[in-house]
Amino acid sequence: MSQIQARFFTEDKRYVVDDVPFSIPAASEVQDLSNVINKLLEAKNGNKVDFDFLVRGQFLRTSLSTHMATEGISTVWILTGSYDKTARIWSTEGKPAMTVAGHTDVVKDVAWVKREGLTSLLLTASLDQTVLLWEWNSERNKVKARHCCRGHAGSVDTISVDPTGTKFCSGSWDKMLKIWSAVPTDEQDEIEEPADRPRKKQKTQQLGLTRTPLMTLSGHSEAVSSVLWCDSEEVCSASWDHTIRIWDVDTGGMKTTLTGSKVFNCISYSPLCRRLASGSTDRHIRLWDPRTKDGSLVLLSLTSHTGWVTAVKWAPSHAHQLVSGSLDNLVKLWDTRSCKAPLYDLAAHEDKVFCVDWTESGLMLSGGADNKLYTYRYSAQQAEA
Amino acid sequence: PVTPTLDCGSSVHSSLVGVDTRLSSECVALGLQRLSSDIRNTVGNIPMEWYKDFPHIGYNLDGKKIYKPIRNKDELDDFLDKMENPEYWRTVHDKQTGSDVVLSDDQVELVNRLQRGQFGDVNFNECEPMVEFFSSDVMIHPVTNRPADKRSFIPSLTEKEKVSKLVHAIKMGWIKPRRVEDDGRGRYYNLWASEDSSILARHKMHLPAPKIPLPGHHESYNPPPEYLFTDEERALWEQQDPADRKLPFVPRKYSSLRQVPAFSQFIHERFERCLDLYLCPRQRKMRVNVNPEDLIPQLPKPKDLQPFPTTRSLVYRGHSGLVRSISVSPSGQWLASGSDDGSVRFWEVCSSRCMKTVQVGGAVKSVAWNPNPSVCLLAVALDSVVLILSPSLADKQVILSSERLLSAQQEGEEPAEGNGSVVWSEAEGEELNQGLRLKIQHPKAVHQVVWHAKGDYLASVMPDNTSHLQVYIHQLSRRRSQNPFSRNKGLVQCISFHPIRPYFFVATQRSIRIYNLVKQEMTKKLQTNSKWISSMAVHPGGDHVICGSYDCKLSWFDLDLSTKPYKMLRHHKKAVRGVAYHRLYPLFASASDDGSVIVCHGTVYNDLLQNPLIVPVKVLRGHVMTHDLGVLDVTFHPTQPWVFSSGADATICLFT
């Protein structure tokens, strides 16, 4: 976090600056901020004034970054989707910032397209067979549906945004993978209307502009449970038909198939160690090498869970750590170098764990059927919930 | 001069004979000379011609020369002497002294005795009886007290050397072992080789006579006191008929064997024994020596029959009454359950979340998803109504087509009132919002509802022993109901459609009847050998049926094989409540009141000659016994090897 978006306002008419966000180094202190204001006001009045700054009603005395850390002002937001048909944005401290409601059915998966700046883009996939692309203004705390991605004929269970943030891929119960554009535009894609659809149903409230898929990848024989981008050209998908398939997005063809013996619930790919981790309906987490052509070679099995493994996630900054969640109410932190037992059992949930994730700063997140979102901090030797 | 020594018996004789042969005239003369005059030559036993050229012939004891006598006798003198001297024959010449000696009578007698081979001593008795000092008899006082030689008790070294030489020679092949003459071939022949095998078999049928039982403590002359008869026993023994007696005699006790009298029954007992031998049953007892392990058929290990459900993964909680019936949507995404609490719940399979609850107002007996994947409808049986629900848990197209199927009749003509007992009506108002679409009112309580594979027909069961109106087949698109049977064949328990062909399975209490719906006739009747059928499932191939019964049995029928069960499985402890086949995997499951679900592997082969392979693979437990009821229904996931079970404890379990 090097730059911070900041907006300056005052009641004194003499020192009013334009009401637009400025990008300011996070390390800047009061003096630096005064210099910025003086620079901005140079045109209006020449003499130099020393300003004092209030951040959310508190005087700024240290550098901006330390102040934000001590006061608990976060710029990292957590996005969750829930069975109550909404998605929510949370701060890392656990304060709900925004409720994104618009789906007519259960939200199955969520993803950030863009998180930097004041306007973020986020995606929600739902059982109502649509994916919604939202624009969220963090400052005004307003959310607006930009696009409604229609095309799936089953519940959209998983979405994943490509590393460049321009495309995303969705996997659905209808056995299809679809690639969509993630760039918000103002045009509506043409959609062929089924002829026999009743006219009156046409005019249901439509959130955002309709968008159609760029590409459809079909090949799975069962529902797609998890999808991710290995890099900007490769999509990897896991399915209930006991396979993990790797697809070439440019050509739309399938490259590799890894065959397992059980239904796959989730996969995760680490660009650091270039391994795929999969969780399946037996209690094992398996590591795969996606580059093997013949496939179906399990490098390592991590066994400690006693229920289905519903979520796995590699650490974003550590090549050997991954976190997993299971139906046995446990979240486990693993190090692949000690494959016999997990590093930590995080027993916070009182019901099934459905999702786990990491933040950039190394915070672990998990959500479960007990309607709670837990964050875990892992620092050197200790973990705390 | 010659005295026999007594060293050893044999050497005595030989030394005497030796003396006898050596006895030439000079030796005797020497001895005689020694006796008469002590003129002794000391030169020893040398050839006397060495002194030929000397005047003396030797030296006497004093060392004085013994001079040769003046020999002046010539041949003539000798002759004259021979003629004239009567003593000539007993005169011998002594070479050592050179003088002539005349032998006395005793000496002549001795010489004669020796020449005759007799002992020199007249008094010696050569035929004295021999004393055997050295014989095989061991004497108390040994002749010699010499300890035994060492060589008498250690192996002989020379023998050892000799043996080792022979062994080496045999090893090297220098000595060949003696050839054994192979003469057995021609000497004997098989007398019965050409005999008929039946005669041989008769020879083999030798029966040994029955053996006499060995005597026990009763027969002892001094039996332990408990074997002796008490007074009552003796009275009883005497009263009994001899044939009925346990023992043919009374055990008696004697202080010693001497006092035992002669056995009075001996002749009688021998006679009985002869009768035994004569009348012994001439029958061969065929004893079967079979290892019980060999009688168990060779079944593959369950480990090799993966995949099958093994562990309880998810529990679907939410019902408040016992869950009588469950059904999985054809896509495998949704699970519908009907409970005694009057609600039908829809669950998401993978997360166990209840997505929808429909209050139907009555204990739900049976739920069934429409197997057609292009429509999304659920049939629910409660009380005397069959409800058709549209849960709208599918693609919009599917929901639309199912709505169309339900409303197809409205555009058509009036519902054909074939028999007035079944009334079709549409749901209205609040019920419509809940998803209720149609109500089919039956005259009696409906027990079960099943769909045809195409999804247009459904059949319902109203068990009633007194009427022929037990089964109705409804057609959804035309809203028509008909009763296919005109006669009552028994209390109908459950029904099922054939998955492919137009057959209809009806299970009554003890048998399953199969009807051909096109020809409208019964094609087969399966005898289950069980007392009361509870449930039935038809294999997706259509050639096999399993049926569970309240007397804990599960019977598998191969329709091509027989009307009798191919296999009966008695694994459950209590009544079997539900059975199910998997659509794709070779698995079937049975649910029972003992709270367990047993999953079996059942491979069906296309080859008609090969019987199905049935292996029980797993007992799944997850339900709590409630009111003596365990698991009430069981069903498989349509695509995964997972099994759902619903129990009396108001939960549904998913085993994967």
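**Figure 1. Arg90(B) is a buried residue, with a relative accessible area of 15%.** We're looking at a predicted model here, as in every view that follows. Arg90(B) and Glu87(B) join their side chains in a salt bridge, 3.5 Å from N to O. The partner, Glu87(B), is partly exposed, at a relative accessible area of 33%. So what else belongs to the network that holds Glu87(B) and Arg90(B)? Asp105(B) does: salt bridges link these three residues in a network. As a reminder of the idea behind such pairs, side chains of opposite charge can pair when their charged atoms come close.

**Figure 2. A salt bridge connects Asp340(B) with Arg324(B).** Here the closest N and O atoms are 3.1 Å apart. Asp340(B) sits in the loop between strand E7 (334-339) and strand E8 (343-348) of chain B, while Arg324(B) belongs to strand E6 (residues 323-328) of chain B, so the pair ties together parts that are 16 residues apart in sequence. Buried or exposed, or something in between, for Asp340(B)? It counts as partly exposed, at 28% relative accessibility. Arg324(B) is partly exposed too, with a relative accessible area of 31%.

**Figure 3. Over in chain A, Asp351(A) and Lys352(A) form a salt bridge through their side chains.** From N to O, the distance is 3.5 Å. Lys352(A) is buried, its relative accessible area being 12%. Asp351(A), on the other hand, is partly exposed, with a value of 27%. How many salt bridges does a search of the whole structure find? Over all chains, the search turns up 18.

**Figure 4. Chain B meets chain A across a buried area of about 2,000 Å².** Carbon and sulfur atoms give 55% of that area. Which three residues supply more than any other three of the area that chain B buries against chain A? They are Gln333(B), Gln640(B) and Trp642(B), and together they supply 22% of it. As for who takes part, the contact draws 24 residues from chain B and 22 residues from chain A.

**Figure 5. One salt bridge is counted between chain B and chain A.** Glu348(B) and Lys108(A) meet through their side chains in a salt bridge, at 2.2 Å from N to O. Polar contacts add to the picture: ten residue pairs are counted between the two chains, both residues being at pLDDT 80 or more. On the side of chain B that touches chain A, E5 and helix H11 (396-411) of chain B each supply at least two residues. Which element gives the largest share of that side? That would be H11(B), with three residues. Sorted by type, the residues on this side of chain B come out as eight nonpolar, eleven polar and five charged.

**Figure 6. The peptide bond from Gln306(B) to Pro307(B) is cis.** Its omega is near 0°. Where does Pro307(B) lie? Look in the loop between helix H10 (292-295) and strand E5 (312-317) of chain B. E5 also turned up in the previous view, as one of the elements on the side of chain B that touches chain A.

**Figure 7. Two residues other than glycine, Lys175(A) and His627(B), have a positive phi.** For Lys175(A), phi is about 75°. You'll find Lys175(A) in the loop between strand E13 (167-172) and strand E14 (176-181) of chain A. Lys175(A) is partly exposed, at a relative accessible area of 39%. For His627(B), phi is near 50°. His627(B) lies in the loop between strand E30 (613-621) and strand E31 (631-636) of chain B. With 69% relative accessibility, His627(B) counts as exposed.

**Figure 8. UniProt lists several spans of chain A under "repeat: WD", in an unreviewed entry.** According to that record, the spans are residues 100-144, 149-181, 217-257, 267-289 and 302-338. Take residues 149-181 of chain A: the end C-alpha atoms lie 9 Å apart, and the span is 0% helix and 61% strand. For residues 267-289 of chain A, the end C-alpha atoms are 12 Å apart, and the make-up is 0% helix and 65% strand.

Technical notes:
Residues are numbered from 1 along each chain as its sequence is written. Chains are lettered from A and ligands numbered from 1 in the order in which they are written. This is a predicted model: local features need pLDDT of at least 70, side-chain atom pairs count only at pLDDT 80 or more; totals for chains, interfaces and linings use all residues. Side-chain values use heavy atoms; hydrogens and water are left out. Helices (H or I, at least four residues) and strands (E, at least two) are DSSP runs, numbered from the N terminus. Buried means under 20% relative accessible area, exposed over 50%, partly exposed in between (1.4 Å probe, protein chains only). A salt bridge is a side-chain nitrogen of Lys or Arg within 4 Å of a carboxyl oxygen of Asp or Glu. Contact means heavy atoms within 4.5 Å. Buried area is the accessible area (1.4 Å probe) that two parts lose on being put together, summed over both. A polar contact is a pair of N or O atoms within 3.5 Å; within protein, one must be able to donate a hydrogen and the other to accept it, and residues adjacent in sequence count only if both atoms are side-chain atoms. Ala, Val, Leu, Ile, Met, Phe, Trp, Tyr, Cys and Pro count as nonpolar, Asp, Glu, Lys and Arg as charged, and the others, Gly among them, as polar. UniProt positions are given in the numbering used here, feature names are shortened, and annotations may be inferred rather than shown by experiment.
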